[in-house]
Amino acid sequence: MLRLIFSLSALAAGLVSSSAFATPSVDGTQSARPTERGALVLAQEGNIDIYYDARGNRVLVDADTGKVIAIQPPGSRLDRRALRRQMRMQELGRAQPEDDDRYYLDNSEDMARFRRRQLEENGRVIPPPVDEYDPNGDNSVDAYPPAPNNDEGSASTYPEAPKSNTIKRQPLNEASIDPEQPGQGEVLQTNPDAQPSLPSTGGKATVDPSLSLGVRQDVAALQVLLDRGGASPGVIDGRFGSNVDKALAAYNEINGTNLKSTDAVGIQAALAQSGGDPFASYTITPEDVAGPYVASIPEDYSQKAKLDCMCYTSVTEALAERFHMDETYLKSINKGVDFNRPGTMIKVANFGKLVSTPVARIVADKTKKEVYAYDGSGKLVAAYPATIGSADTPSPTGIHAVSRIALDPNYTYNPNINFKQGQNDKILTVPPGPNGPVGSVWIALDKPTYGIHGTPEPSKIGKTESHGCVRLTNWDARELAKLVSPGVTVEFVGGSTIADVGGTSADEFTQQ
């Protein structure tokens, strides 16, 4: 029995020793596998000695073999716990490979590569650490190139400061959108669909004017085409209405076409032939911002008379009139734009050239609320939406004639022969300006107190009533004023007449 027990013990010892001898072969196989890029060189049994060289690099050394495992720059040091975590992640196959930036001090090829990299990046072999002072480095002023001097040895002269010129208000140029005219702001063709971002509203709920019922980009393009063809739609606001319908009919008569508002292809072709895209880019100038402007226009005529001028109240109002646009629509297609800063580029209507054919006869249709202008041969050359009288203060009837023309007139309020406004019972003289009662133009007729004039509210043309005269937008009235001369006939047709109710016009005028 004792012999049997001894034999079994010897057999068990042999099995243990054979498994132990087999273990190194497995480890040897594993260690022979090539190291993946970005993986750490692991020390046997995880025994690592940590040293720091003269430049602050952390040097990891295998405690058993004495070989350098890795060199870690100061910015990439890992503590022992983090190092073990990274080693564990690599064993599990979860570590992401990184660029191999390791350099071994005992490897001549690594050190040569290290020196080449330093030369390429910094121009020197081993630069000092960024946060350390290098006593051997060249930190003196002489290391930098001297400032350039002129021939006399003094510093280079600086250019003279630009001379300050007082900005003067220039007359409104209706054709300022033409790219050929310098000094009126750069005008470039642009995509009408591109719009600036919506400005912040400070948390308050607002309604985007461009999303209002009926506002459409294609309608605005049609309005631009009609304006180019001599058939004014009034304000360009992107809305269908009676003014657009009347202008389209007049456009077809003037140009001998049969264009329809639903013919998108025809409209685009006509735009291309008449001047290109319906919208263009305009750069706001210092003159645009300079004004003059007034804070507001009072309703009371006695307060109006105290102002220096009936000027525009804002840059947007002035630019809207210059480009034949509704002010709200101008703002809606230029969201977030600072109109008070010179150099700002905005999108405007590219209305083209003004009508230049002289007018020999004018017809004011009170029923259609439209003014038609004909040349000497009887051909229609221009048409404008108009507000012509009212039931209480109707316009004249029959044929009259232009007697005189005045641009930027003042306005005389006389309650004895005109309407009475508020408590004003004295004669008042309101200064000139586009926001005056007769706008910026007065075309007087041979019938006293009656005429064709502008308006301070262009968006209401054709939709409201007047005090007996013919009211146009300021830009339409100004265009017509350049086409007529004293003696041109003005015929009133349709609607009620002043003879039906008696009385006189309320739009009394005295030229300044």
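**Helix α5 and its cover**

I began with the surroundings of helix α5, and found that what covers its buried residues includes α4 (217–228), α6 (264–274), β8 (370–374) and β9 (380–385). The model I am reading is a predicted one, and I keep that in mind for each entry below. The residues of α5 that come out as buried are N243, V244, K246, A247, L248, A250, Y251, N252 and I254. I then checked the length of α5 (residues 242–255): at 1.5 Å a residue its 14 residues should span 20 Å, and the end C-alpha atoms are 20 Å apart, which agrees. Just after this helix I noted G256, which takes a positive phi of about 65°.

**Overall counts**

For orientation I looked up the whole protein, which has 12 helices and 17 strands. Of its 512 residues, 41% count as buried. Among contacts with a separation of 6 or more, residues 24 or more positions apart account for 62%. The protein exposes about 29,300 Å², and carbon and sulfur atoms supply 52% of that area.

**Nonpolar cores**

Which residues touch the most other members of the largest nonpolar core? I find I362, V371, I443, I452, V470, L472 and L480 in that role, within a core of 37 residues. The elements that give two or more residues to this core are β7 (361–365), β8, β9, β12 (411–413), β13 (428–430), β14 (441–445), α11 (474–483) and β17 (489–493). Of the elements, β14 gives the most, with five residues. β8 and β9 therefore appear twice in my notes, once among the elements that cover the buried residues of α5 and once among the contributors to this core.

I followed I452 in more detail: leaving aside residues up to four places away in sequence, I452 touches I362, V441, W442, I443, V470, L472, L480 and V490. Apart from this core lies another, of 21 residues, among them I236, L330, I346 and A349. As a general remark, nonpolar side chains tend to be buried together in soluble globular proteins.

**Salt bridges**

How many salt bridges does a search of the whole structure find? The search gives seven, and I wrote up three of them.

The pair D288 and R322 forms a salt bridge whose closest N and O atoms are 3.2 Å apart. D288 lies in helix α7 (residues 286–290) and R322 in helix α9 (residues 315–322), so the pair ties together parts that are 34 residues apart in sequence. I checked both partners for burial: D288 is buried, with a relative accessible area of 4%, and R322 is buried as well, at 8%.

K331 and E327 meet through their side chains in a salt bridge, at 3.8 Å from N to O. Both of these residues lie in helix α10 (residues 327–332), four residues apart, about one turn of the helix. K331 counts as partly exposed at 40% relative accessibility, and E327 also counts as partly exposed, at 25%.

K460 forms a salt bridge with E457, with the closest N and O atoms 3.2 Å apart. Here K460 is partly exposed at a relative accessible area of 39%, and E457 is partly exposed at 42%.

**The disulfide**

I counted one disulfide, which joins C309 to C311 with an S to S distance of 1.6 Å. With -110° about the S-S bond, the link of C309 and C311 is left-handed. Are these two cysteines buried or exposed? C309 counts as buried at 17% relative accessibility, and C311 is buried at 9%. I also looked up C469, which counts as buried at 1% relative accessibility.

**Backbone points to revisit**

A cis peptide bond joins G291 and P292, with omega about 15°. P292 lies in the loop between α7 and α8 (301–304), and α7 is the helix that holds D288 of the salt bridge with R322.

H324 has a positive phi of about 60° although it is not a glycine. I place H324 in the loop between α9 and α10, and note that H324 is buried, with a relative accessible area of 2%.

T449, again not a glycine, has a positive phi of about 70°. T449 is found in the loop between β14 and β15 (451–453). For T449 the relative accessibility is 19%, which counts as buried because the cut-off is under 20%.

Technical notes:
Residues numbered from 1 in each chain as written. Predicted model: local features only at pLDDT ≥ 70, side-chain atom pairs only at ≥ 80, totals over all residues. Heavy atoms only, no water. Salt bridge = Lys/Arg side-chain N within 4 Å of Asp/Glu carboxyl O. Buried < 20%, exposed > 50% of the residue type's maximum accessible area, 1.4 Å probe, protein only. Expected span 1.5 Å × (residues − 1). Contact = heavy atoms within 4.5 Å. Disulfide = S-S within 2.5 Å. Core = buried A, V, L, I, M, F, W, Y, C linked by side-chain atoms within 4.5 Å. Areas by Shrake-Rupley, 256 points an atom, 1.4 Å probe, with all protein chains shown as cover.
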